[in-house]
Amino acid sequence: MKGAWPIVFVGLAGPLLAAEPTAPAASQDGLALLKKMASASRRLNYSGTFVYQHAGQNETSRIVHFVNPAGGEFEKLETLDGPAREVIRTNDQVTCYLPDSKTVIIEKRNTRRFPALLPEQLSGVADNYVVSVTGMDRVAGYDCRVVVLEPKDKLRYGHQFCAEAASGLPLRARTISEKNQPLEAFAFTELRIGGNFSRDQVRSRYAAKSKDWKVDHSALAISDVPADTGWSLTRQPTGFKKLTELKRSIAGRTAMVSHIVYSDGLAAVSVFIEPLPKARPARSLSHQGAVNIYIRPVADHMVTVVGEAPAATVMQIANSLEFKGVSGK
Amino acid sequence: MEKISELIDGELEGREAQQQFARLKQDNELAQCWATFHLIGDAMRGERPLSQGFRERLTLRLAGEPTVLAPRPFASKRYVAYALSAAASLSAVSLVGWMAFFNNPLAPLPELAQAPNTTPSAAAQTPTAPLASVPSEGRMNEYLIAHQEFSPSTEIQGLAPYIRGVSSTRQDQGR
C-alpha cells in the first residue's frame, strides 16, 4: 500500500482547498447530509475493504455491516495487515479479539445507543464548524458528495467526508489538524452496498478459539447509569457540552471509573477518573491517529482524557478538572 | 562499480557474483558504496525510516565529492556518477512526494520527511510545561474503545473508528 497513496490521492484535495464561506443554505445541505450519513451507516447492509491511514502508515481492514430485518445490528471489522485483530458489534456490545495477546475486550452498554445524530448534536456542529458541500468525488467506484467541516477555532480539528451519492453511506473520512496537516483518514477501497448477509459473516473467527483467552470480564459488569461523579470543569472549552456522565468499569480495572463525555457535536472528549495506581503516573501525552490521550494525576486520582481533538483541547479539559463535591455513590 | 550495481540488482550469478563479493571484502570504498547503494534503494522504496538528517548528511558528503562533469581519470569517479544520479532520483521521488502532499493535505509524507515520534502540535498552546506526544502504541486500547462508543463520529462512520483501539502502530512493526 505504501507509496500508492500519494498517487491515489493526487487531485482529491480540490474540495478541501476550495472550501469557501458558505451560505446558510449550503450549510443546511451539509448538515442534512451528515445526518443522512449517520443513518446510512446504521441502516444499510454493506461489506467492503477500507484503509486506515495515520502517521504515514496504512492499515487495511475488512468491514461487514448487517441489519437483521427481524431486528438487530451486526458489524464485523477485521484487520488484514499485521497482527490479526477483530472487532464485532452486536447491538449494544462491542467485542475486540486480540489474538496476539490472547485477549478479549468486551465493551457492553446496558442503555440503548444514541439515535443517529441528535438534533442538538447537529446544532453543535453548525455552531462550531463551517459546513459546506463542496462537490462530487469518486471513492471505491462510487460517486460521492464531499462535505467539508472547517473548524471555527483551534479547539477542534477539521473534517472532510465523502458520502455515497445515492445512499449517503460515508465512503471516506479525513481529519485535518489545526495546522492544516493530515492526521488520519478512513477510505473504502472496495465496497458492496446492499445484498443479503448471513449471521456467519459477522461472527468472529476466534469465537471458539478464544475460550481460554484472557477476557476482561470487568467490562461485562458495566452499569453505565448516568451518575453525578462529583467532578466538573472550571474552564470548559468553547463549544463543548457535557454529553453524559456515568460510573462504569473499564477492562482490566478493578475499581469503578468515573466517565464524563464532552462533545462539540462531532468531536468527543472522554474524561476517565479512577484511583491512583500503585505507581503514581507521570503526566504524559500520547496519540493514536486523530485521538490525543493525556494522563495526569490529580490529588489521589488518575485522570485520563481521550479525544479526537487537538492536544491543547484535551489538556485544557484535563487541567481544569476539579472535584466539586461528594459524588453520589 | 557497474558490477556492484548489477550485483545489487541481482543480475550477476554464481562465479561472477562470488568475484564481486570478494572485491567487496577487500575494497573498503567499494563496501561503503555497496552500503550506500542499498541505503538509497531502501529509501527509494520507503522501506525503513531513515535517521534524522540523513539527507543532509548525504548531500553534504556528495557535495564534498568531485562533480561528474570534471575529467575522470580514475575508475572510482564512476561511483560518484552513479550515486549522484541515484541521489537525483531520490530527490525527484521526495519532490513528487512533497508535491503530492501539497496538492493534497492528506497524502502521507514521504518516509524521508517524516519523524515518526514527534507531533509538534502536542506541546504547543498548553498552560503547563511543554510535553512531547508519543504514539500510544496500543497501551490505551481499553480507554479508546470505551471512549469510541460515545463519540458522534462513530455514529457517522460505524465501526471503522474502532480500528484506532485495535490498531497496531508499533514503529518497529512491518518494517
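Visitor: If helices are DSSP runs of H or I with at least four residues, and strands are runs of E with at least two, numbered from the N terminus, what pattern does chain B follow along the sequence?

Guide: This is a predicted model, and in it chain B reads α-α-α-α-α-α-β-α-α-α along the sequence, which comes to 9 helices and 1 strand.

Visitor: And what does the secondary structure of chain A come to?

Guide: Chain A has 5 helices and 21 strands.

Visitor: How much of each chain is buried?

Guide: In chain A, 47% of the 329 residues are buried, whereas for chain B the share is 29% of 175 residues. As for contacts with a separation of 6 or more, residues 24 or more positions apart supply 55% of those in chain A and 46% of those in chain B.

Visitor: Before I read too much into chain A, what is its average pLDDT?

Guide: The average for chain A is 85, and 86% of the residues score at least 70. Residues 1-23 of chain A need caution, since their pLDDT stays under 50, although the model has 45 contacts beyond four places in sequence for this stretch.

Visitor: OK, on to the sheets. In what order do the 12 strands of the open sheet in chain A come?

Guide: The order is β7-β8-β9-β10-β11-β1-β2-β3-β4-β5-β6-β12, and the pairing is mixed. At the edges are β7 (129-139) and β12 (214-216) of chain A, each of which pairs on one side only. Neighbouring strands of this sheet are turned against each other by 15 degrees on average, with direction ignored.

Visitor: Pick one pair inside it: how many bridges join β3 and β4 of chain A?

Guide: Strand β3 (residues 73-79) and strand β4 (residues 86-90) of chain A pair over 5 bridges in the antiparallel sense, and Glu78(A) stands opposite Glu86(A) in β4(A).

Visitor: Which strands of chain A does helix α7 of chain B lie across?

Guide: Helix α7(B) lies across β5 (93-98) and β6 (103-108) of chain A, and runs at about 25 degrees to β6(A). This helix, residues 141-148 of chain B, is mostly covered, with 8 of its 8 residues buried; among them are Glu142(B), Tyr143(B), Ile145(B) and His147(B).

Visitor: Now the hairpins. How do β18 and β19 of chain A pair?

Guide: Strand β18 (residues 284-288) pairs with β19(A) in the antiparallel sense over 5 bridges, and Leu285(A) has Tyr294(A) as its bridge partner in β19(A). The hairpin has 2 residues between the strands, and Gly289(A) takes a positive phi near 60 degrees there.

Visitor: And what comes after β19, going on to β20?

Guide: β19(A) and β20(A) run antiparallel and are joined by 7 bridges, with Pro297(A) opposite Met302(A) in β20(A). This hairpin also leaves 2 residues between its strands, and Ala299(A) in the turn has a positive phi of about 50 degrees.

Visitor: Why does Ala299(A) count as exposed?

Guide: Ala299(A) counts as exposed because it has 7 C-beta neighbours inside 10 Å, where the cut-off for exposed is 12 or fewer. Its phi deserves a second look in the structure, as Ala299(A) is a residue other than glycine. Most residues other than glycine have a negative phi.

Visitor: What about Asn180(A), where is that found?

Guide: Asn180(A) sits in the loop between β10 (170-176) and β11 (182-193) of chain A. Asn180(A) is not a glycine and yet has a positive phi of about 60 degrees, and it counts as exposed because 10 C-beta neighbours lie inside 10 Å.

Visitor: Last topic, the interior. Why is helix α5 of chain A described as largely enclosed?

Guide: Because 9 of the 9 residues of α5(A), residues 311-319, are buried, the helix is largely enclosed by the rest of the structure. The buried residues include polar ones as the sequence names them, such as Thr313(A), Gln316(A) and Asn319(A), alongside Val314(A), Met315(A) and Ile317(A).

Visitor: What does Val314(A) touch?

Guide: Leaving out residues up to four places away in sequence, Val314(A) touches Val269(A), Asn292(A), Tyr294(A), Val305(A), Gly307(A) and Ala309(A). Val314(A) is also one of the residues with the most contacts inside the largest nonpolar core, which has 90 residues; others on that list include Val269(A), Val305(A) and, from chain B, Tyr162(B).

Key. Residues are numbered from 1 along each chain as its sequence is written. Chains are lettered from A and ligands numbered from 1 in the order in which they are written. This is a predicted model: local features need pLDDT of at least 70, side-chain atom pairs count only at pLDDT 80 or more; totals for chains, interfaces and linings use all residues. A residue is buried if 20 or more other C-beta atoms lie within 10 Å of its own, exposed if 12 or fewer, and partly exposed in between; C-beta atoms are placed from the backbone. Two strands pair if DSSP finds at least two bridges between them. A nonpolar core is a set of buried Ala, Val, Leu, Ile, Met, Phe, Trp, Tyr and Cys residues joined through C-beta atoms within 7 Å. Two residues are in contact if their C-beta atoms, placed from the backbone, lie within 7 Å. pLDDT is the predictor's confidence in each residue, from 0 to 100. Axes are lines fitted to C-alpha atoms, for helices over the stretch in contact, and angles run from 0 to 180 degrees between N-to-C directions.
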